[in-house]
Amino acid sequence: MTSLSRRTSIKIGLAAITTAATAGAAQAQTASTKTPFKVDQVFIPIAGSQEMFPVRRIYCIGRNYAAHAREMGSDPSREPPFFFQKPTDAIQYVAPGKVVDHPYPSLTKNYHYEVELVAALKSGGKNISIEKALDHVYGYALGLDMTRRDLQRALGDQKKPWEIGKSFDHSAPVGPLYQAAALKNFSRENISLSVNGVVKQQATLDQMIWSVAEQISKLSEANELFAGDIIYSGTPENVGPVVKGDVILCKLDQLPDLSIKIV
Ligand code: MN
(Lines give C-alpha, C1' and ligand atoms only; values in the text may rest on other atoms or scores of the structure.)
Protein backbone atom coordinates (compact mmCIF):
# COMPACT_ATOMS: atom_id res chain seq x y z
CA MET A 1 0.00 0.00 0.00
CA THR A 2 1.38 3.41 -0.90
CA SER A 3 1.39 6.05 1.80
CA LEU A 4 -1.20 7.96 -0.20
CA SER A 5 -3.68 5.07 -0.39
CA ARG A 6 -3.15 4.28 3.30
CA ARG A 7 -3.91 7.89 4.22
CA THR A 8 -6.99 7.75 2.02
CA SER A 9 -8.34 4.59 3.67
CA ILE A 10 -7.74 6.00 7.16
CA LYS A 11 -9.60 9.10 6.13
CA ILE A 12 -12.52 7.05 4.84
CA GLY A 13 -12.59 5.09 8.09
CA LEU A 14 -12.68 8.24 10.19
CA ALA A 15 -15.36 9.73 7.99
CA ALA A 16 -17.53 6.66 8.47
CA ILE A 17 -17.11 6.80 12.26
CA THR A 18 -17.94 10.50 12.35
CA THR A 19 -21.03 10.01 10.18
CA ALA A 20 -22.23 7.17 12.39
CA ALA A 21 -21.90 9.24 15.55
CA THR A 22 -24.03 12.04 14.17
CA ALA A 23 -26.63 9.59 12.88
CA GLY A 24 -27.08 8.16 16.37
CA ALA A 25 -26.24 4.66 15.22
CA ALA A 26 -23.22 2.56 16.17
CA GLN A 27 -22.30 2.40 12.48
CA ALA A 28 -24.62 3.75 9.85
CA GLN A 29 -25.02 1.55 6.78
CA THR A 30 -24.33 3.04 3.37
CA ALA A 31 -24.84 1.66 -0.12
CA SER A 32 -21.16 0.67 -0.24
CA THR A 33 -21.05 -1.06 3.17
CA LYS A 34 -19.82 -4.65 2.83
CA THR A 35 -20.54 -7.27 5.51
CA PRO A 36 -19.42 -10.92 5.78
CA PHE A 37 -23.03 -12.07 6.27
CA LYS A 38 -26.54 -10.65 6.32
CA VAL A 39 -28.49 -9.72 9.46
CA ASP A 40 -32.20 -9.35 8.84
CA GLN A 41 -34.07 -6.18 9.71
CA VAL A 42 -37.19 -6.83 11.82
CA PHE A 43 -40.49 -5.43 10.49
CA ILE A 44 -44.10 -5.09 11.65
CA PRO A 45 -46.73 -5.02 8.88
CA ILE A 46 -48.68 -1.76 8.58
CA ALA A 47 -52.44 -2.25 8.24
CA GLY A 48 -53.91 -1.04 4.96
CA SER A 49 -50.48 -0.46 3.42
CA GLN A 50 -47.88 -2.27 1.35
CA GLU A 51 -45.21 -0.74 3.59
CA MET A 52 -43.59 -2.42 6.58
CA PHE A 53 -42.55 -0.66 9.80
CA PRO A 54 -38.82 -1.24 10.50
CA VAL A 55 -38.21 -1.87 14.21
CA ARG A 56 -35.18 -0.18 15.73
CA ARG A 57 -35.56 -0.76 19.48
CA ILE A 58 -38.23 -2.29 21.71
CA TYR A 59 -38.76 -0.38 24.94
CA CYS A 60 -41.14 -1.53 27.66
CA ILE A 61 -42.43 0.34 30.71
CA GLY A 62 -42.86 -1.56 33.98
CA ARG A 63 -45.73 -1.40 36.47
CA ASN A 64 -47.80 1.19 34.64
CA TYR A 65 -51.24 0.26 36.00
CA ALA A 66 -51.72 0.83 39.75
CA ALA A 67 -53.39 -2.51 40.47
CA HIS A 68 -50.63 -4.39 38.60
CA ALA A 69 -47.95 -2.49 40.53
CA ARG A 70 -49.62 -3.61 43.76
CA GLU A 71 -49.81 -7.25 42.66
CA MET A 72 -46.07 -7.10 41.84
CA GLY A 73 -45.42 -5.91 45.38
CA SER A 74 -44.67 -2.25 44.79
CA ASP A 75 -46.25 1.07 45.69
CA PRO A 76 -48.28 2.41 42.76
CA SER A 77 -47.79 6.04 43.70
CA ARG A 78 -46.34 8.11 40.87
CA GLU A 79 -42.70 7.23 41.38
CA PRO A 80 -40.72 7.83 38.18
CA PRO A 81 -41.46 5.22 35.49
CA PHE A 82 -38.84 2.57 34.74
CA PHE A 83 -38.07 1.01 31.39
CA PHE A 84 -36.38 -2.08 30.03
CA GLN A 85 -35.74 -3.41 26.53
CA LYS A 86 -36.34 -6.56 24.59
CA PRO A 87 -34.18 -7.53 21.62
CA THR A 88 -35.71 -6.38 18.35
CA ASP A 89 -35.91 -9.93 17.01
CA ALA A 90 -38.13 -10.92 19.97
CA ILE A 91 -40.99 -9.68 17.76
CA GLN A 92 -43.44 -12.40 16.76
CA TYR A 93 -45.93 -11.03 14.25
CA VAL A 94 -49.48 -12.25 14.84
CA ALA A 95 -51.80 -11.69 11.88
CA PRO A 96 -55.44 -10.75 12.63
CA GLY A 97 -57.96 -13.58 12.38
CA LYS A 98 -55.32 -16.24 13.05
CA VAL A 99 -54.31 -18.22 16.12
CA VAL A 100 -50.53 -18.26 15.81
CA ASP A 101 -48.41 -20.96 17.46
CA HIS A 102 -46.19 -19.49 20.18
CA PRO A 103 -43.42 -21.71 21.55
CA TYR A 104 -43.27 -22.23 25.32
CA PRO A 105 -39.76 -20.95 26.10
CA SER A 106 -36.88 -22.80 27.74
CA LEU A 107 -35.75 -22.27 31.35
CA THR A 108 -39.15 -21.39 32.87
CA LYS A 109 -41.91 -23.16 34.77
CA ASN A 110 -44.02 -20.01 35.24
CA TYR A 111 -44.66 -18.37 31.87
CA HIS A 112 -46.85 -15.26 32.08
CA TYR A 113 -48.90 -13.12 29.71
CA GLU A 114 -49.08 -9.31 29.83
CA VAL A 115 -51.40 -7.63 27.32
CA GLU A 116 -50.25 -4.13 26.30
CA LEU A 117 -50.85 -1.21 23.96
CA VAL A 118 -47.79 -0.68 21.73
CA ALA A 119 -46.85 2.77 20.39
CA ALA A 120 -44.52 3.02 17.37
CA LEU A 121 -42.45 6.12 16.60
CA LYS A 122 -41.90 7.80 13.21
CA SER A 123 -39.40 10.30 14.62
CA GLY A 124 -37.60 10.96 17.86
CA GLY A 125 -35.32 13.26 19.78
CA LYS A 126 -33.99 14.04 23.23
CA ASN A 127 -35.97 15.65 26.04
CA ILE A 128 -39.24 15.58 24.11
CA SER A 129 -41.98 17.60 25.83
CA ILE A 130 -45.23 15.88 26.83
CA GLU A 131 -47.11 18.34 24.61
CA LYS A 132 -45.08 17.37 21.50
CA ALA A 133 -44.68 13.67 22.31
CA LEU A 134 -47.61 12.28 20.34
CA ASP A 135 -46.40 14.12 17.20
CA HIS A 136 -43.68 11.43 17.08
CA VAL A 137 -46.11 8.49 17.06
CA TYR A 138 -46.52 6.70 13.74
CA GLY A 139 -49.11 4.24 14.95
CA TYR A 140 -50.33 1.72 17.48
CA ALA A 141 -50.61 -2.03 17.79
CA LEU A 142 -51.79 -4.61 20.30
CA GLY A 143 -49.00 -6.66 21.85
CA LEU A 144 -47.97 -9.15 24.50
CA ASP A 145 -45.01 -8.74 26.84
CA MET A 146 -44.42 -12.44 27.52
CA THR A 147 -42.45 -13.05 30.70
CA ARG A 148 -40.52 -15.86 32.39
CA ARG A 149 -41.94 -14.74 35.74
CA ASP A 150 -40.00 -17.23 37.86
CA LEU A 151 -36.69 -16.03 36.43
CA GLN A 152 -37.70 -12.37 36.65
CA ARG A 153 -38.57 -12.77 40.35
CA ALA A 154 -35.65 -15.02 41.35
CA LEU A 155 -33.05 -12.84 39.65
CA GLY A 156 -34.60 -9.71 41.13
CA ASP A 157 -34.53 -11.28 44.61
CA GLN A 158 -30.82 -11.99 44.11
CA LYS A 159 -30.26 -8.40 42.93
CA LYS A 160 -29.14 -9.69 39.54
CA PRO A 161 -30.37 -8.29 36.21
CA TRP A 162 -33.71 -9.94 35.34
CA GLU A 163 -32.88 -9.60 31.64
CA ILE A 164 -33.67 -13.17 30.56
CA GLY A 165 -36.99 -13.05 32.41
CA LYS A 166 -38.12 -10.48 29.84
CA SER A 167 -35.73 -10.56 26.88
CA PHE A 168 -35.83 -13.77 24.89
CA ASP A 169 -36.90 -15.21 21.55
CA HIS A 170 -40.59 -14.67 20.66
CA SER A 171 -41.23 -12.70 23.86
CA ALA A 172 -42.88 -9.82 22.00
CA PRO A 173 -45.94 -11.00 20.02
CA VAL A 174 -47.52 -8.04 18.20
CA GLY A 175 -50.36 -7.41 15.76
CA PRO A 176 -50.29 -5.09 12.72
CA LEU A 177 -49.58 -1.40 13.19
CA TYR A 178 -52.44 1.02 12.64
CA GLN A 179 -51.46 4.55 11.67
CA ALA A 180 -52.34 7.07 14.37
CA ALA A 181 -54.06 9.33 11.84
CA ALA A 182 -56.59 6.57 11.12
CA LEU A 183 -57.49 6.11 14.81
CA LYS A 184 -59.32 8.21 17.35
CA ASN A 185 -57.03 9.32 20.16
CA PHE A 186 -56.75 6.47 22.62
CA SER A 187 -58.37 7.48 25.92
CA ARG A 188 -60.72 5.11 27.72
CA GLU A 189 -60.52 2.14 25.37
CA ASN A 190 -61.01 -1.29 26.87
CA ILE A 191 -58.01 -3.62 26.86
CA SER A 192 -58.44 -7.25 27.86
CA LEU A 193 -56.94 -10.71 27.72
CA SER A 194 -58.57 -14.10 28.07
CA VAL A 195 -57.12 -17.59 28.33
CA ASN A 196 -59.21 -20.45 26.91
CA GLY A 197 -62.25 -18.16 26.88
CA VAL A 198 -61.92 -16.99 30.51
CA VAL A 199 -61.22 -13.26 30.95
CA LYS A 200 -58.06 -12.73 33.01
CA GLN A 201 -57.04 -9.10 32.43
CA GLN A 202 -59.42 -6.20 31.84
CA ALA A 203 -58.84 -2.45 32.14
CA THR A 204 -59.25 0.84 30.32
CA LEU A 205 -56.30 2.76 28.93
CA ASP A 206 -57.00 5.77 31.17
CA GLN A 207 -55.94 3.57 34.10
CA MET A 208 -52.32 3.79 32.95
CA ILE A 209 -50.23 5.67 35.53
CA TRP A 210 -48.07 7.23 32.78
CA SER A 211 -49.75 8.07 29.46
CA VAL A 212 -48.07 7.25 26.14
CA ALA A 213 -47.09 10.93 25.80
CA GLU A 214 -45.54 10.91 29.27
CA GLN A 215 -43.72 7.65 28.53
CA ILE A 216 -42.18 9.09 25.36
CA SER A 217 -41.17 12.26 27.20
CA LYS A 218 -39.61 10.38 30.14
CA LEU A 219 -37.85 7.83 27.93
CA SER A 220 -36.34 10.61 25.81
CA GLU A 221 -34.61 11.94 28.93
CA ALA A 222 -32.70 8.65 29.21
CA ASN A 223 -32.07 7.87 25.54
CA GLU A 224 -32.38 9.78 22.30
CA LEU A 225 -35.38 8.25 20.55
CA PHE A 226 -35.49 7.50 16.82
CA ALA A 227 -37.94 6.51 14.13
CA GLY A 228 -38.51 2.76 14.40
CA ASP A 229 -38.52 2.66 18.21
CA ILE A 230 -41.58 1.01 19.71
CA ILE A 231 -42.85 1.18 23.29
CA TYR A 232 -44.84 -1.49 25.13
CA SER A 233 -46.91 0.67 27.47
CA GLY A 234 -47.46 -1.66 30.42
CA THR A 235 -50.04 -4.22 31.49
CA PRO A 236 -53.13 -4.19 33.72
CA GLU A 237 -53.45 -6.34 36.82
CA ASN A 238 -54.02 -10.07 37.04
CA VAL A 239 -51.08 -11.34 35.05
CA GLY A 240 -50.83 -15.11 35.23
CA PRO A 241 -49.40 -18.32 33.84
CA VAL A 242 -50.08 -20.28 30.67
CA VAL A 243 -49.10 -23.82 29.73
CA LYS A 244 -48.83 -25.67 26.43
CA GLY A 245 -52.20 -25.93 24.72
CA ASP A 246 -53.59 -22.69 26.17
CA VAL A 247 -55.04 -20.13 23.76
CA ILE A 248 -54.61 -16.43 24.59
CA LEU A 249 -57.00 -13.88 23.07
CA CYS A 250 -56.21 -10.15 23.42
CA LYS A 251 -58.64 -7.33 22.67
CA LEU A 252 -58.26 -3.57 22.44
CA ASP A 253 -60.97 -1.23 21.18
CA GLN A 254 -60.20 0.17 17.67
CA LEU A 255 -57.69 -2.62 16.89
CA PRO A 256 -58.23 -6.23 15.68
CA ASP A 257 -57.96 -9.10 18.17
CA LEU A 258 -54.64 -10.87 18.67
CA SER A 259 -54.52 -14.59 19.46
CA ILE A 260 -51.74 -17.10 20.11
CA LYS A 261 -51.65 -20.76 21.11
CA ILE A 262 -48.89 -21.90 23.45
CA VAL A 263 -47.13 -24.92 21.90
MN1 MN B 1 -45.07 -5.51 30.62
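**A tour from strand 7 to helix 6**

Begin by selecting Tyr113, which stands opposite Gly240 in strand 16. The model you are viewing is predicted, and local features are described at pLDDT of at least 70 and side-chain atom pairs at pLDDT 80 or more, while totals for chains, interfaces and linings use all residues. Residue numbers start from 1 along each chain as its sequence is written.

Now widen the selection to residues 111-113, which form strand 7 and are joined to strand 16 by three bridges, the two strands running antiparallel. Helices (H or I, at least four residues) and strands (E, at least two) are DSSP runs, numbered from the N terminus. These two strands belong to an open sheet of three strands in the order 10-7-16, with antiparallel pairing, where two strands pair if DSSP finds at least two bridges between them. At the edges of this sheet are strand 10 (147-148) and strand 16 (240-242), each of which pairs on one side only.

Next, select strand 8 (115-121). Seven of its seven residues are buried, so strand 8 is largely enclosed by the rest of the structure; a residue is called buried if 20 or more other C-beta atoms, placed from the backbone, lie within 10 Å of its own. Colour Val115, Leu117, Ala119 and Leu121 on one side, and Glu116, Val118 and Ala120 on the other, to see that both faces are covered.

Add strand 9 (residues 137-144), which runs antiparallel to strand 8 and is joined to it by seven bridges; there, Ala141 is the bridge partner of Val118. Strand 15 also runs antiparallel to strand 8, through three bridges, and in strand 15 the partner of Ala119 is Ile231.

Stay with Ala119 and display its surroundings: leaving aside neighbours within four places in sequence, Ala119 is in contact (C-beta atoms, placed from the backbone, within 7 Å) with residues including Val137, Tyr140, Val212 and Ile231. Ala119 is also among the residues with the most contacts inside the largest nonpolar core, which has 53 residues. Such a core is a set of buried Ala, Val, Leu, Ile, Met, Phe, Trp, Tyr and Cys residues joined through C-beta atoms within 7 Å.

Finish at helix 6 (residues 212-222), in which Val212, Gln215, Ile216, Ser217, Leu219 and Ser220 are buried. Its buried residues pack against strand 3 (58-61), strand 4 (83-86), strand 8, helix 3 (130-133) and strand 15 (230-232).

Zooming out, the protein chain has six helices and 18 strands, and buried residues make up 33% of its 263 residues.

Technical notes. A residue is buried if 20 or more other C-beta atoms lie within 10 Å of its own, exposed if 12 or fewer, and partly exposed in between; C-beta atoms are placed from the backbone. Two residues are in contact if their C-beta atoms, placed from the backbone, lie within 7 Å.
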